[in-house]
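User: I'd like to learn how to read a few features of a protein model. Could you walk me through them?

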Amino acid sequence: MGSDTGKAIERIVIVGGGTAGWMAAAALSRISGKEGAGKGGRKSPVAIELVESEAIGTVGVGEATIPPFVDFNTLLDIDEREMLSAVQGTFKLGIQFVNWGNLGDSYIHPFGNYGYEVDGVSFHHLWHRNRMRGDKRPIQVFNLETMAAHFGKFARTEDYKRDDMPPMNYAYHIDAGAYARFLRAYAEKRGVTRREGRVAEVRRDGESGDVAALVLEDGSTIAGDLFVDCSGFRGLLIEQALETGYEEWTHWLPCDRAVALPCKRDDGSPPPPFTRATAHRAGWQWQVPLQHRNGNGHVYASAHMEDAEAHDILVANMAGKPTADPNFLRFVTGRRRKFWNHNVVALGLAAGFMEPLESTSIHLINTGINKLVALLSLDGITETQRSAFNRLTNKEYERIRDFLILHYHATARDDSEFWNYCRTMSVPDSLTEKMELFRANGQIFREDDELFTETSWAAVMMGQGIAMGGHNVMAHGIADQGVAKEVDGIEQSIRFLVEHMPGHGEYLQRYCPAPPA
């Protein structure tokens with residue numbers, strides 16, 4: 001359990017670098033002891049140290065983000081242009097899913113909403129009502145991000161003085177290794193100390209069971225009051241030292257392997273402003289476009305596909321020749337039974353793993369940091385803090401888990417044993433309810449401040465063949481003429497805006513060009 005302690009937190013030790021470690025270090029540097037770390041130059045007694053070894057590689061394949069990541073960088077007062085240039089980043093408006101509902105199918109899960117509410121009724125209900133009355137326009141034409149992505153366009157709302165331009169919801173594609181280096185410079189400038197070395201021993205307090213210190217291979221000792229485990233899949237502190245336990249979700253998310261391989265875009269085309277996820281025989285392939293290359297990977301189930309075949313499928317479907325050796329990864333989908341155990345908080349892959357299908361890996365690092373900072377008291381750690389952190393994080397993982405399962409389960413594919421299993425498997429009751437309510441009348445209830453919006457759920461369900469059987473009865477109470485005018489206005493505004501936006505590649509060159517090679 002870990003008992004309450006009145007011991008003040010004066011030393012925070014982060015174990016592991018990579019994206020998770022340096023995101024944590026950058027955020028926590030705001031309470032470090034170096035002058036200038038906080039507003040007004042206020043000093044704090046907290047020392048923050050990160051220990052990592054260059055001999056231990058990081059996974060570093062999660063290069064696609066979602067919109068809350070923009071807020072993380074804003075919170076740290078990071079200049080967007082400077083960051084994107086340094087990490088050779090691009091903008092992302094959503095994810096294109098190919099071959100998921102059936103072979104040949106394609107749809108985009110956008111970041112922005114379909115239309116907007118009218119008299120308290122969500123737009124997809126109004127769209128369905130109009131469709132039943134003969135309006136043949138697909139719902140995609142009423143979403144700015146979908147249409148801009150389709151035509152390869154991009155512009156930030158802030159760049160325009162027009163009051164009628166709806167907000168452009170976006171995220172980034174980033175080089176994860178370059179981003180970690182960028183944050184390292186940020187954090188060290190603000191007082192975080194980096195220690196090179198490998199952890200050889202974890203010492204625990206004999207009375208409380210808390211982690212007391214780390215012993216490195218060179219014999220040096222690093223003591224701490226709070227430890228943040230960013231050591232990746234192995235969970236050096238949270239699992240190897242504390243034996244927290246792991247809850248597997250492989251019966252719902254059966255992919256357990258991935259091979260990652262970067263490549264150049266041989267055709268010289270500009271990077272598209274979206275991630276692409278293409279389903280294959282026993283898994284799926286990602287394509288993440290950066291300014292200088294594409295990040296590629298094939299996520300697959302080892303029970304249905306050998307490593308060599310997965311590699312060959314990936315290479316055969318990339319936009320150019322590989323620029324590195326393949327990186328094979330093994331993982332088990334699921335989560336730790338506790339994310340905060342004793343005085344150890346796990347972030348990133350140390351906390352759990354849900355495959356990168358909806359680009360949630362970096363997001364879960366972000367929200368874990370947010371909850372830690374919100375709950376943290378420098379006067380000591382309490383069981384109430386741990387309990388709240390674990391309960392809220394568990395709910396977050398389960399909501400995201402259900403959304404990922406939906407992609408596999410809502411399919412008509414029957415061309416392989418893998419897809420036959422996914423289509424017919426039992427799924428959590430929470431997901432079954434969501435699908436049945438949508439089939440009945442298009443209703444989507446978001447619970448516990450979950451990440452994915454009504455548009456997110458509707459986009460995937462409709463994109464993969466779950467049709468609305470009806471719509472909200474309140475839609476019938478809205479005057480036909482008023483609705484028609486609203487709907488036409490939304491489409492016309494989006495069409496005008498997309499037509500006048502620059503191409504994504506052109507915008508990148510103007511706004512945040514990558515430094516010369």
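User: Let's begin with the pockets. How much space lies in the second largest pocket?

Analyst: Happy to help! This is a predicted model, and its second largest pocket holds about 800 Å³ of space. The lining has 39 residues, and those closest to the pocket's centre are Ile66, Pro67, Pro68, His363 and Leu451.

User: Which helix gives the most to that lining?

Analyst: That is α10, with five residues. Elements that each supply at least two lining residues are α2 (68-75), β5 (106-110), α9 (361-375) and α10 (383-409). Sorted by class, the lining has 15 nonpolar, 14 charged and 10 polar residues.

User: Now burial. Is helix α4 mostly covered or mostly open?

Analyst: A residue counts as buried when its relative accessible area is under 20%. In α4 (residues 123-132), eight of the 10 residues are buried, among them Phe123, Leu126 and Trp127, along with His124, His125 and His128. Their cover includes α12 (429-441), α13 (454-463) and α14 (480-500). After α4 comes Gly134, with a positive phi near 110 degrees.

User: How do α12 and α13 pack, and at what angle?

Analyst: Their axes lie 11 Å apart, at an angle of about 75 degrees. Angles of 65 to 115 degrees count as roughly perpendicular, so α12 is roughly perpendicular to α13.

User: Which residues make the contact?

Analyst: From α12 come Leu431, Lys434, Met435 and Phe438, and from α13 Trp457, Ala458, Met461 and Met462. By class, seven of these contact residues are nonpolar, one is charged and none is polar.

Definitions and conventions: Residues are numbered from 1 along each chain as its sequence is written. This is a predicted model: local features need pLDDT of at least 70, side-chain atom pairs count only at pLDDT 80 or more; totals for chains, interfaces and linings use all residues. Side-chain values use heavy atoms; hydrogens and water are left out. On a 1 Å grid over the protein atoms alone, a cavity is a set of points where a 1.4 Å probe fits but cannot get out, and a pocket is an open set with protein on both sides within 12 Å along at least five of seven lines; lining residues have an atom within 4 Å of a point. Grid points are joined across faces, edges and corners, and a volume is the space filled by probe spheres set on the points. Helices (H or I, at least four residues) and strands (E, at least two) are DSSP runs, numbered from the N terminus. Ala, Val, Leu, Ile, Met, Phe, Trp, Tyr, Cys and Pro count as nonpolar, Asp, Glu, Lys and Arg as charged, and the others, Gly among them, as polar. Buried means under 20% relative accessible area, exposed over 50%, partly exposed in between (1.4 Å probe, protein chains only). Contact means heavy atoms within 4.5 Å. Axes are lines fitted to C-alpha atoms, for helices over the stretch in contact, and angles run from 0 to 180 degrees between N-to-C directions. Angles under 35 degrees count as roughly parallel, over 145 as roughly antiparallel, 65 to 115 as roughly perpendicular and the rest as oblique.
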